[in-house]
Amino acid sequence: IWHFAYDDLWNVHYGNMPAQADLSAGRRTNAVVGAFAVGIVYLLGRRLTTRLGGVVGAAMLAFHPLMIQLSSQALADTFLVLVLALTALAACWLADRPTWPRALLLGTVIGLGGLVKLSPLLLTLPLAGLGFLLLLQPHLPWPRLRGTPDPTAMRLGTWLLPLPIVAFAAFVAGYPYLWPDPMGRTYHLFAFRTGEMAHQAATWPDVAIGSRGEAVERIWGTLSTQFSVAGRLA
């Protein structure tokens with residue numbers, strides 16, 4: 001999996017280029033992972049809308065230029081797409097019927113996503129916050145949300161609240177490097193990633209991001225021009 005964590009340009013820059021056989025194996029693996037992600041998006045779209053909605057969502061992902069590019073390279077990003085799709089589907093299952101097994105499944109999927117990229121772990125924070133709000137439902141200050149407690153919503157809040165703990169446990173269990181000092185070494189991972197981003201910005205200043213607003217603007221511009229799925233489908 002570590003071969004997927006560095007793109008070709010980064011390895012060439014540091015003289016650490018993997019063997020061609022490794023790159024080819026990674027690219028073939030990502031092609032399969034990308035196909036699985038498209039299938040999960042179909043299931044998710046069908047769950048949220050209809051079969052037609054599932055087909056449209058899967059087609060948009062399958063023909064998206066960025067998805068095609070990522071699925072043909074030896075990167076971790078395709079695994080991230082798969083994990084996020086599985087997370088959304090697991091969240092739907094939990095909302096349909098709040099139970100401990102489904103909550104553990106959602107937390108585990110998010111934790112395993114942290115093994116691919118660290119960012120999925122942060123998804124547990126707003127989900128736990130939502131759980132807290134659901135538990136406070138009878139005491140909320142907004143009249144339209146206050147009233148007789150919904151037992152299903154209360155159960156959902158109970159299962160959402162411990163998601164950060166469940167996800168972190170799955171993250172640590174799947175990463176032997178963290179076992180001696182889970183908290184300390186997790187902090188080092190985030191610190192290393194932050195330093196890596198700063199180093200890349202210093203190495204390639206023409207692509208450095210100056211602010212969060214600039215990041216959002218650049219993402220929007222890139223997806224609407226260079227990676228436009230509407231243009232490709234047309």
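M60 sits in helix α3, which covers residues 51-62. The model is predicted. This briefing looks at a surface patch, a buried threonine and one helix with two faces.

**The patch around M60**
- M60 joins L52 and V56 in a nonpolar patch on the surface.
- Together, the three have about 280 Å² of accessible area.
- M60 has 39% relative accessibility, so M60 counts as partly exposed. That class lies between the buried cut-off, under 20%, and the exposed one, over 50%.

**T78, out of reach**
- T78 belongs to helix α5, residues 77-96.
- Its relative accessible area is 0%, so T78 is buried.
- Beyond its neighbours within four places in sequence, T78 touches N30, V33 and G34. T78 is also in contact with M67, L70 and S71.

**Helix α10 and its two faces**
- Helix α10 runs through residues 182-203, 22 residues in total.
- At 1.5 Å a residue, α10 should span 32 Å. Its end C-alpha atoms are 31 Å apart, which agrees.
- Which residues of α10 are buried? They are T186, L189 and E196.
- These buried residues cover an arc of only 75° around the axis, so they lie on the same side of α10.
- An α-helix has 3.6 residues a turn, so residues three or four places apart point the same way.
- The face turned away from the buried side carries exposed residues. They are M183, Y187, T194 and A202.

Technical notes:
Residues are numbered from 1 along each chain as its sequence is written. This is a predicted model: local features need pLDDT of at least 70, side-chain atom pairs count only at pLDDT 80 or more; totals for chains, interfaces and linings use all residues. Side-chain values use heavy atoms; hydrogens and water are left out. Patches are made of residues with over 30% relative accessible area and no salt bridge: like charges are joined within 9 Å, nonpolar side chains (Val, Leu, Ile, Met, Phe, Trp, Tyr) within 5 Å. Accessible areas come from the Shrake-Rupley method with a 1.4 Å probe; for residues, only the protein chains shown count as cover. A salt bridge is a side-chain nitrogen of Lys or Arg within 4 Å of a carboxyl oxygen of Asp or Glu. Helices (H or I, at least four residues) and strands (E, at least two) are DSSP runs, numbered from the N terminus. Buried means under 20% relative accessible area, exposed over 50%, partly exposed in between (1.4 Å probe, protein chains only). Contact means heavy atoms within 4.5 Å. The expected span of a helix is 1.5 Å times one less than its number of residues. The arc is that of the directions from the helix axis to the C-beta atoms.
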